[in-house]
Number of protein chains: 2
Amino acid sequence: MTTAPGAPAGRRGGRRAPVMHDVARLAGVSHQTVSRVLNGSPGVRQATRERVEAAIAELDYRPNAAARALVTDRSAAVGVVVADTTLFGPASILLAVEQSVRRRGREVNVASLPDLDVASVADAFAYLEELRVGGVVVVAPQRTAADVMLALPEGTPVVAVDGGLVADLPIVCVDQALGAALVTEHLLDLGHETVHHVAGPPDWLEAEERVAGWRATLSDSGRGVPEPVGGGWTAADGYAAGQLLARDPDVTAVFAANDPTALGVVRALQEAGRRVPDDVSVAGFDDVPEAPFYGPALTSVRQNFPELGELAVATLLDLVAGAEVPRGRVPERTVTPSLAVRSSTAPPPTTRRTS
Amino acid sequence: MTTAPGAPAGRRGGRRAPVMHDVARLAGVSHQTVSRVLNGSPGVRQATRERVEAAIAELDYRPNAAARALVTDRSAAVGVVVADTTLFGPASILLAVEQSVRRRGREVNVASLPDLDVASVADAFAYLEELRVGGVVVVAPQRTAADVMLALPEGTPVVAVDGGLVADLPIVCVDQALGAALVTEHLLDLGHETVHHVAGPPDWLEAEERVAGWRATLSDSGRGVPEPVGGGWTAADGYAAGQLLARDPDVTAVFAANDPTALGVVRALQEAGRRVPDDVSVAGFDDVPEAPFYGPALTSVRQNFPELGELAVATLLDLVAGAEVPRGRVPERTVTPSLAVRSSTAPPPTTRRTS
DNA sequence: TTAATGAGCACCGCTCCGCCC
DNA sequence: TGGGCGGAGCGGTGCTCATTA
């Protein structure tokens, strides 16, 4: 598409891309000044700056990333370490991050994790480090990932998305515990004695926080806290958990850790002859696009993933630019989830309260 | 993590990464020879080559990608243009491609499409071109993407995934028409008079091929071909189409363009008082992990996405290496889908045939 | 005197060229 | 023919030193 290196022939795709020298000539300045403008160095008069910027625009000049990376030993790219992208949450966040970064004219390098062991996470970081990315967004809210992050040498800016317990890094997150509390309160408000929970994988921090939020809400209301069941994100995991819960006639309300598990729970209950929501209410988390069309339409917690991604990128680039960014979780970087109430939740079969 | 640029101090993260000269010295050859070995140039004796390789291994030397990109004006990266990654298919393919590329030690640059118009697709290509990627995998099987690809200047190798009509590029694909035929035949075999189709978005080539496969199968069996309904990939689209189909009492079998639409169809039918599969059979496409847990468990077509991604990457790298790769669709690059029969499909209410 | 800019150059790590043994 | 040697870029960054208003 461009000139073959060195060869005078092969100018197939049009003329050579402009380089810094071309900009300097057009603006009537030295390449030095162009560089100063590009890097926002002080000591450039406003008028000069504007002339250079006009020349850049006219030539449609883009700095050569490879040349800059070569000399600075850092690229402007943003690396993303991401767990299983077939899951709705990580996939949505990755998409949001990718688009945010590209909108800012930077490059994204993705390292997805084939497994969730420490080696896999460490590999991903090593890969991105080898690419000399300028910063990393981590969308891998597992304990193993957290462990690796804590052991990371200083140097490359890192922002964690939803990595609730890694207090030493800037964190951008959805208030998972609040989401869990919203669902649990909703179910209690409907008149249920207590709420059972089908938990996500124990290694996932999000799963843990949802458990915590659910547990705290029950305790605060003076309700019994049943033992959580489950241990995965898939519909199959939910199905297995649902079969267990179906055996207990006291179960009238179930909060599942995400929507696929909720689907599995519903299916298992229905197969066991329990109606949803007439006999048992079920709610999920994530609010996947299909949730309104499950049978019955699923009550779920919605997270604003695009906002989360944008926030993560903005924070990371602040960090890259050398700004002081508070570590850990802070309210400005915590996204509030909301509850979408649909028809999978209803009052319990016999509302003893109001008798 | 590494030495601060230029500064003699700040050697924080350990010693400097080895460069080609270090390898040359250790192997007792010149940097020239190391370069020859690295690039597989001829004219290096076997013994010398082995010595160099040993030195590379001992020092754990990795060529500096930025330096190489600077001089060759091409990076070793693979670009991926991908449509809506919240859809199961594209997300799965992207994941497969990313892992395949990384396994080969190369870098991936993703450009996802915020919209499906020509400008958006052209932007994505321009972005990747600016990054000087060595090749591009396109996972955007829309007509608009195909149009842009056809207008692409020669130069950068491109492989299309599932872009059925772009005959001038190497294509890696799932035999969509065969998948559609499998479902349609399955439904006819069950005794249905004909099969209705809820189509995907008209701009998507995959959707079109599924229509074609369905239509051909019906014609070949001498059945009437009803007008397809629908026009989207979402459960909401399927729901709308299902409401339409529910009004026609002759409808006993529906093939939906993907699983979410199938879910929507099922829901609309059920709300209209039609039982699935007793009154109407419904089948989907994609076989999402949740499909077995829909109510009823959904009959669907499974595509081997990991294989597709691996094939796409292998083909692209052959192309990058200068190999002659046949254009268009060829059997070696066509992945065969399979049918997963579950409980959403059954014989029609009254099997008139066998009376 | 100072702030803004220019001129020139070394350097990042690699590829490729010419020339030599 | 296999290989060494030296050197010129690639397009930036950032340094020193001189020059100008």
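**Exercise 1. Find which atom of DNA strand C lies 3.0 Å from a polar side-chain atom of B:Ser35, then describe the protein surface around that strand.**

Step 1. The partner of the B:Ser35 side chain is a phosphate oxygen of DNA strand C, 3.0 Å away. This is a predicted model, in which local features need pLDDT of at least 70 and side-chain atom pairs count only at pLDDT 80 or more, while totals for chains, interfaces and linings use all residues. Residues are numbered from 1 along each chain as its sequence is written, chains are lettered from A and ligands numbered from 1 in the order in which they are written, and side-chain values use heavy atoms, with hydrogens and water left out.

Step 2. Look for further pairs in chain A. A backbone N or O atom of A:Ser30 is 3.0 Å from a phosphate oxygen of DNA strand C. A:His31 instead places a polar side-chain atom 3.5 Å from a base nitrogen of the strand.

Step 3. Widen the view to every residue near the strand (a heavy atom within 4 Å of it). There are 26, and the closest are A:Thr33, A:Arg45, A:Thr48, B:Gln32 and B:Tyr61. Of the strand's atoms that come within 4 Å of the protein, 67% belong to sugar and phosphate.

Step 4. Assign elements and classes. Helices (DSSP runs of H or I, at least four residues) that each supply at least two residues of this surface are α2 (31-38) and α4 of chain A, with α2 (31-38) and α4 (65-72) of chain B. The surface has eleven nonpolar, twelve polar and three charged residues, with Gly counted as polar.

**Exercise 2. Locate the annotated domain of chain A.**

Step 1. An unreviewed UniProt entry lists residues 18-72 of chain A as "domain: HTH lacI-type"; such annotations may be inferred rather than shown by experiment.

Step 2. The span is 69% helix and 0% strand, and its end C-alpha atoms are 21 Å apart.

**Exercise 3. Characterise the interface of chains A and B.**

Step 1. Count contacts (heavy atoms within 4.5 Å): 60 residues of chain A meet 58 residues of chain B.

Step 2. The buried area (accessible area, 1.4 Å probe, lost on putting the two parts together and summed over both) is about 4,600 Å², 58% of it from carbon and sulfur atoms.

Step 3. Two salt bridges (Lys or Arg side-chain nitrogen within 4 Å of an Asp or Glu carboxyl oxygen) are counted between the chains. One salt bridge joins B:Glu130 to A:Arg62, with the closest N and O atoms 2.3 Å apart.

Step 4. On the side of chain A that touches chain B, 30 residues are nonpolar, 15 polar and 15 charged.

Methods. A polar contact is a pair of N or O atoms within 3.5 Å; within protein, one must be able to donate a hydrogen and the other to accept it, and residues adjacent in sequence count only if both atoms are side-chain atoms.
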